[in-house]
Each structure stands twice: as structure tokens, then as C-alpha cells.
Amino acid sequence: MMLRQMPLLAKRGRPPSALSVLHPSRSPATITTQHHLPGSISSASPSVPLLLRRQSTTAPTTSIPDVTSTTTTTSQQPSLASSRSASVVDFSNTEVAYATLSTMDLIRAYLVFKACAIKPLVTHADQILQFSYRILGKSLIEGIVRRTFFRHFCAGETSQMIRPRIAKLKEAGVAGILDYAAEADIKEMMTSPAVEATTQAYKEGEIACRVYEYENERTCDAHVQTFLECIHAVKDVTPEGFAAIKVTALGNPQLLERMSVCVVEMGKLFKKFDTQDKGYITRQEFLEGYDRYFLPSSSPSSSSGAAAPVAGDGKDGDLAAQLLARLDPNGTDRIDIIHWRIALALTDLSALTRLCRGAGPLKAAVLSEEETELMQGLQLRLETLARRASSLGVRLMIDAEQSYFQPAIDHLVLDLMQRHNKGKFVVYTTVQCYLKGAQRRIVREMQRAQRQDYFFAAKLVRGAYMITERKRAEELGYPSPIQETIEDTHATYDGCVQLCLEAMARGENVELLIACHNQASIEKALVEMERLNLKGNTAGVYFGQLLGMADHLTLTLGGAGYKAYKYVPYGLVGQVLPYLIRRAQENSDMLGGVGLEIELVGKELRRRLLG
């Protein structure tokens, strides 16, 4: 298949420097196959060995500190209010929790939550909405929605209109995580139909966002413009906030799944080399493993009939020796999975698998030439957003997605962190704690940040795709990636919080966004912060909930001096209706969630109106 040319963002009114920083010799308008990100591999010169062009950037291996250490540290982030002790935070005190909300706000909230409790109304909301359009007209219905559900769950229609809502949140010590939800803007920019967005929500009230369906590369470019506007809105409206983006909006989800297979298979190859399951291999064990699975690079039996090109410094020679020099640059005779993942790029597989002694999953995982081009386009879009966020001092929060996309997303995000989190917090990854192995992942990623000398920042959620994940695993016959019980998920979430807090207390450069509607987990985090002497107004610990939900948590935390955030969607009413319907459905389906909201809001209304 002929590789298509990908016009990238140049005609959307953004400064050329956003892309030309990476390609100073070329116009960003016609970038095709050679997206040369730092650490990526060019196909421009086939005579240059490919694997050795990617030099290891690891610092000398250091021992990992004892996780029980409690050395204190503070963050340079400004506080939103005066700090108080965790022991005085009372989430049941509605007078304090809803102090910044007017009585009309509470009445609206009460009616919205009551409507969310009507199961048939919420379940068939789409059909009811379309029927209402035909009978009463679109203008009237959108006017009703604007004054009810939209006003409760969204901040406004434009970055200017959301300012009063953001200002009101600030009065309560709450900042914003902005999500520009105007999908119809993309329709206007494209000649093809607009991309529809859907989501499956985990019924624990966690922050869930849109899941985009891929259409074409031009649609992905349009999404970049949308996210850039969101980044600028954060800078203008809530500079201490975050901008949220989703990787499936920036590239082909099928590509992400293929990339994930590559990441997983490279990890499995390490395990095959680690025959004693020690968690690391020596130089000799690497050479023995290489000999078991690959031919010598000069073998005439290789598929190319000659030495395979590899990335690196351009020197020819034995491939095994070249790889070993990258995997253990400091001669420690100890190579673990972190060094393995740092040193090897996904594009390395093409050269490496030419020497496979037999066909297998590793060889099947190799990206095609066109897939490599599309991956580099995806990397460049992410790089554009990260550069803009960094230049404006905005933090970029990259959402988690389905488990079969997540290895690729993690791979991309860690690469961004390595470049943009040098000496500051810009890029935030997301860890889904309903996935098995979440704690192991966060430990490894913090260790990787230490070795590559960059700041580690993460958002912790329980997860957003539990039902579909389990269904897919059952249909395809593989073990479910989801924790067996909700208790396991709670324990993993709390364990991940503790790992991050303890790393911060040791003085490591770590920040954490606790994105959670679970009051018990938040209370445990507050107790742990107090134990570790991490002050709510200075430590890099943030708490986040959806706008219009769990106000008793967010507003209480903000009032007590903790760094509290609301996930704030905005956009034209007609364009965010799918989001509003999902919010109503999540409130309806949450186990007891809407009942608690009704109880607390009703309690405060009775206090105000009846005395």
C-alpha cells in the first residue's frame, strides 16, 4: 500500500514552531514518513544500522530506596487555601461542603439527581431527546437542557463563558481540569462525517472521558487543534489546572493495539531470556538467550541474506554485542526489565526479527512500514501538545483507555515524560487500579523516572471499562485483566496511593492526582499524608472529582486547604449532549451514588429552608 502524505496542523492557524522544532529543515505542512522524534528511528538511510541509532539515555543504575522511609519533602506548588489537619475534615458537614453553592444551585442539583434516579428516563434518554426535538423543537429542548443538566455538569459553552464557574470554584479552593467537549467543531473542520464519541463507565463514579472512534489522519489533526485550544483555555482561565487529552483521538486505535502487542512481546522476550525468573539477566545470560532465539547477524540464513541493519551509532558489527552495549552501557552486568524497555524501541523489532530462528508472536508483532509511519505521526501530535503545554506552563493529563491500548499509551507517555518532565511536572500518566499488576507498574515507572532523571506524575483512577474488558476477555478466551473483586480494586488503589506518597516523603520528584469519588480511599490518603508529614497546601498531591458530582468531597477538601480539582467539560449545549447523557447514566447506575448525593443535598436544603 502506498504511504499517504499526512498534512499536519499547518493550516490550522498555529505557529510553525510547534512542529518545526522537531523538523527545522522542513515545513510542517507536508511531513510524510520521516517523523524524527528524539529516540525514534529514521528510515532515511538504510545503510546506517538502525538499532544503534537509539542510544541508551539511562543514568548509572542506583539502588531503590526502602519504601518504608518517611523522609519529608514539600512541593513548590502554590496553595489554594490554608492547610488544616486531616483529622478535622468532615465530609458529612453539608453546611461547610456546600457553603459556596447558592440555594438555587442546590435545588437544581437535587432535581437533576432525582431525574438521574428515574431509571427508564435515563436508560432511554437518547430516544426521548430525539422525540422531543421532533415535537417541541431543538431550540426549546436545548434551552431546557442548558438550564438544568448542562448547567449542573458543564461549566459553560466557551472558554470565556466558563470563567464565572471557575471563579466560583476558586472561591472554594478548587481548581479545574479542562476537557473541551465540542465535537461538532471537528465536524465543521472536516469534509467527512464527524467522529462520534462513546464511553463505558466503571460504576464507581471515577473520572471517565470520551472514547473516540478513528476515522482518518485528518480527523486526528483536527483533534490536535481541539486539544491545543483546551491547553490555551487552561492557561487563560485556570492556570493552576490541567488539560485532559485522550490518545485514541490522535491516532488509529488499531495501530495502538498493534503497538501494544509489540510492547507486550518485547516484555515476553525479556522473560524468555530470564530463565531463572530473577527479574534481571547478566550479560552472559543475554548472549545465551540471544543465541537461542536469533541467528548471528552475519548469518546467510537470515531473511535478508546479510547482516541486519540496527539503530545506533552507525557502526557495523555483531548485533548481539551492539544490543548488549545499549542494554548495559555502564558494565554493571545486571539488566532488568526497566533497562530493557528504555534501551529497545518498537522500531527495533523489524531489524531484530529478521534474524529469528523461527516464526512466532514476536515476529508477527513487527509493525509494517505504513504502521511505523502512522505511529510517528501519532508521536508527533503528542509532541506538539506536550511542547505547547510546557511552553505555557500547563500540565497535560493523558487519560487511560482499554487494556489492549494501554501498553502502547504507557510507552508513548513515558517517552513524553522523559523529554518534558525534566526539572518540572508537565506530562501526567494515568494508572487504572482495577487492572491486575497496577502496583507493580507504578513502582517500575517511578524507578524508571529516577534512572532517567525526570519527574514522575500520575493520575490514579479505579477504571472506566470494566464491563467491556471482561466481556472481551471472555469472548477471546484470555484471562481477564480486571481485578477479581471490587475489594481487590480498592486495596490496589489505596496501595498505589501509599506507594506514591511514600516516594514523595522520601524526597523523590513525584506528584499524584487522586481522581476518586470513593470517600474511604480519600480519607485513607489524608491520614497517610498526615502520617508522612505531607502538607495539603504544599505537597504535590491533588484530589479530583467530576463537575456536578461528589461536591461534598471536592468542596470540603478545597475548604480544608487541600489541592482539590473538578473535571470541567465545556462546549456548546448541542455538542456536549452525549456527555450529559453519560453523566446521567453514570449517576443512575452508580451503586448508591445518586442516593447519597440526594441525601446530602436534601439535608442542606432542609437546613437552609426549614432552619
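Which helix does D488 lie in? I looked that up before anything else, and D488 sits in helix α20, residues 486-505. A reminder to myself: this is a predicted model.

**Entry: D488 and E528**

I checked how open D488 is. Its relative accessibility is 32%, so I put D488 down as partly exposed. Then I looked for a partner elsewhere in the chain and picked Y434. The two residues are 54 apart along the chain, yet their C-alpha atoms are separated by 7.8 Å.

I did the same with E528, which belongs to helix α21, residues 519-531. E528 has a relative accessible area of 12%, and since the cut-off for buried is under 20%, E528 is buried. Here I took L501 for the distance: 7.7 Å between the C-alpha atoms of E528 and L501, with their positions 27 residues apart along the chain.

**Entry: strand β12**

Is β12 enclosed or open to the outside? I went through residues 563-570 and found eight of the eight buried, so the strand is largely enclosed by the rest of the structure. In a regular strand, side chains alternate between the two faces of the sheet. I therefore sorted the residues of β12 by side: K563, Y565, Y567 and P569 are on one, and A564, K566, V568 and Y570 are on the other. Both sets are buried, which leaves both faces covered.

Next I looked up the neighbours. Strand β1, residues 174-180, pairs with β12 in the parallel sense, and I noted seven bridges. One of the bridge partners I wrote down is Y570 in β12, which goes with Y180. Strand β11, residues 541-546, also pairs with β12 in the parallel sense, this time over five bridges. For that pairing I noted Y542, whose bridge partner in β12 is K563. I then followed the chain from β11 to β12: it passes through helix α22, residues 551-559, and the β-α-β crossover is right-handed.

**Entry: the largest pocket**

How much space lies in the largest pocket? I have it at about 1,600 Å³. There are 43 residues in its lining, and those closest to the centre are V263, V264, R341, P407 and R440. I also listed the elements that give two or more residues to the lining: α10 (253-273), α13 (337-343), α17 (406-420), β8 (427-432) and α18 (438-452). Of these, α10 gives the most, eleven residues. By character, I sorted the lining into 19 nonpolar, nine polar and 15 charged residues.

**Entry: salt bridges**

I searched the whole structure and got 30 salt bridges. I followed up a few of them.

I began with D105. Its side chain forms a salt bridge with R108, and the closest N and O atoms are 3.2 Å apart. R108 and D105 are three residues apart in helix α3, residues 103-116, so about one helical turn separates them. Are these two buried or exposed? R108 has 16% relative accessibility, so I count R108 as buried. D105, at 18%, also counts as buried.

D105 turns up again with K168, in a salt bridge of 2.6 Å from N to O. This pair links distant parts of the chain, as K168 is in helix α7, residues 163-171, while D105 is in helix α3, 63 residues away. K168 has 29% relative accessibility and so goes into my notes as partly exposed.

Then I moved on to helix α16, residues 369-392. R387 and E383 are four residues apart there, so they too are separated by about one helical turn. Their salt bridge has its closest N and O atoms 2.8 Å apart. Which of the two is buried, and which is partly exposed? E383 is at 1% relative accessibility, so E383 is buried. R387 has a relative accessible area of 28%, so R387 is partly exposed. I also noted a network elsewhere in the list: E95, E604, R607 and R608 are joined by salt bridges that share partners.

Methods
Residues are numbered from 1 along each chain as its sequence is written. This is a predicted model: local features need pLDDT of at least 70, side-chain atom pairs count only at pLDDT 80 or more; totals for chains, interfaces and linings use all residues. Side-chain values use heavy atoms; hydrogens and water are left out. Buried means under 20% relative accessible area, exposed over 50%, partly exposed in between (1.4 Å probe, protein chains only). Two strands pair if DSSP finds at least two bridges between them. A crossover is right-handed if, with the strands pointing away from the viewer, the path from the first strand over the helix to the second runs clockwise. On a 1 Å grid over the protein atoms alone, a cavity is a set of points where a 1.4 Å probe fits but cannot get out, and a pocket is an open set with protein on both sides within 12 Å along at least five of seven lines; lining residues have an atom within 4 Å of a point. Grid points are joined across faces, edges and corners, and a volume is the space filled by probe spheres set on the points. Ala, Val, Leu, Ile, Met, Phe, Trp, Tyr, Cys and Pro count as nonpolar, Asp, Glu, Lys and Arg as charged, and the others, Gly among them, as polar. A salt bridge is a side-chain nitrogen of Lys or Arg within 4 Å of a carboxyl oxygen of Asp or Glu.
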